[in-house]
Amino acid sequence: MEGRIFVSYKYADKDVYSLGKGTTVRTYVDKIEDYFDSTDNIYKGESDNEDLSYLSEAQIWEKLKDRIYDSSITIVMISPKMKEPGKHDKSQWIPWEISYSLKEMTRNDRTSHSNAVLSVVLPDMNNSYEYYIKDNKCGNCTCRALKTYTLFNILNANTFNQKSKTKINCPNGSNVYSGNPSYIESVKWSDFISNPKHYIDLAVKIKDNIKEYTIIKEV
């Protein structure tokens with residue numbers, strides 16, 4: 001794996017499976033740091049509940065540039081309460097961090113390209129992923145349903161956004177996508193942490209074929 005990683009997450013979300021006393025999403029981010037055995041190549045998006053609604057887009061970009069500009073991979077931690085109820089997407093940090101990760105931005109005559117982006121879905125307090133991921137089986141056909149409507153709009157829009165998706169017909173008559181139908185693929189934490197490099201390399205492979213996807217970059 002090459003490139004620096006930016007991690008976007010709701011650090012204070014406590015509705016995740018306990019890894020010990022005081023577990024929050026930040027605890028899981030620390031596990032990613034431990035795996036790579038270095039903090040030099042990981043940038044953490046700190047969310048301090050700051051209201052962004054009064055800031056202009058230019059002011060928000062200035063706050064994000066140094067965090068994301070030098071990264072080439074963005075990991076988005078999906079957690080049960082990553083979205084703050086009653087707040088628009090533009091008033092929360094995570095959508096802006098994803099948007100900036102996907103845009104090509106020029107600073108000091110150097111232009112950064114769109115990041116590879118991977119969603120890592122954390123287990124809830126009951127060690128279940130079904131608040132977002134539902135694994136189904138119909139005969140010999142297995143499929144995974146994603147509750148994308150629960151996500152920020154920019155995440156939803158970049159899921160199942162491959163221009164020419166490959167479909168498999170299941171015995172129940174439903175269509176299942178195969179291959180990599182999403183620019184932002186989703187993986188359960190339990191699978192990701194067993195082999196982080198594999199899933200990050202997958203996200204980079206998808207990024208290398210970015211022209212196959214319809215990318216939405218605005219919040």
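Q: How is burial read on the two faces of strand 6, and are its residues buried or exposed?

A: Buried means under 20% relative accessible area, exposed over 50%, and partly exposed in between, with a 1.4 Å probe and protein chains only. Strands (E, at least two residues) and helices (H or I, at least four) are DSSP runs, numbered from the N terminus. In strand 6, A116, L118 and V120 are buried on one side, and V117, S119 and V121 are buried on the other. Because 6 of the 6 residues of strand 6 are buried, the strand is largely enclosed by the rest of the structure.

Q: What kind of model is this, and how are residues numbered?

A: This is a predicted model, in which local features need pLDDT of at least 70 and side-chain atom pairs count only at pLDDT 80 or more, while totals for chains, interfaces and linings use all residues. Residues are numbered from 1 along each chain as its sequence is written, and side-chain values use heavy atoms, with hydrogens and water left out.

Q: Which strands pair with strand 6, and how do they run?

A: Two strands pair if DSSP finds at least two bridges between them. Strand 3 (residues 73–78) runs parallel to strand 6 (residues 116–121) and is joined to it by 6 bridges. Strand 11 is also parallel to strand 6, with 4 bridges between them. L118 can be followed to both partners: I75 stands opposite L118, and E185 in strand 11 is the bridge partner of L118. S119 stands opposite S186 in strand 11.

Q: Which way do the residues of strand 11 point, and are they buried or exposed?

A: E185 and V187 point one way from strand 11, S186 and K188 point the other way, and all four are buried.

Q: How much of helix 3 is buried?

A: Helix 3 (residues 93–102) has 10 of its 10 residues buried, so the helix is largely enclosed by the rest of the structure. Among its buried residues are W93, W96, E97 and Y100. As a general idea, an α-helix has 3.6 residues a turn, so residues three or four places apart point the same way.

Q: How do these elements fit into the overall fold, and how many helices and strands are there?

A: The protein has 6 helices and 11 strands. It has 219 residues, of which 43% count as buried. A contact means heavy atoms within 4.5 Å. Of the contacts with a separation of 6 or more, 70% are between residues 24 or more positions apart.

Q: Where is the largest pocket lined, and by what?

A: On a 1 Å grid over the protein atoms alone, a pocket is an open set of points with protein on both sides within 12 Å along at least five of seven lines; a cavity is a set where a 1.4 Å probe fits but cannot get out; lining residues have an atom within 4 Å of a point. Grid points are joined across faces, edges and corners, and a volume is the space filled by probe spheres set on the points. The largest pocket has a volume of about 630 Å³. It is lined by 23 residues, and C143, R144, L146, F160 and Y177 are the closest to its centre. Strand 7 (133–138), strand 8 (141–146), strand 10 (175–178), strand 11 (185–188) and helix 6 (196–208) each supply at least two lining residues. Strand 8 gives the largest share, 5 residues.

Q: How many cavities does the structure hold?

A: A search of the whole structure finds 2 cavities of 30 Å³ or more. The second largest cavity has a volume of about 40 Å³. Its lining includes Y100 and S101, and both of these residues are among the buried residues of helix 3.

Q: Which residues other than glycine have a positive phi, and where do they lie?

A: Phi of N127 is near 60 degrees, and N127 lies in the loop between strand 6 and strand 7. F160 has a positive phi of about 55 degrees and lies in the loop between helix 4 (153–157) and strand 9 (166–169). N127 is partly exposed at 41% relative accessibility, and F160 is partly exposed with a relative accessible area of 31%.

Q: What does K147 touch beyond its sequence neighbours?

A: K147 lies in the loop between strand 8 and helix 4. Not counting residues up to four places away in sequence, K147 touches E130, Y131 and Y132. The C-alpha atoms of K147 and Y131 are separated by 7.6 Å, although the two residues are 16 residues apart along the chain.
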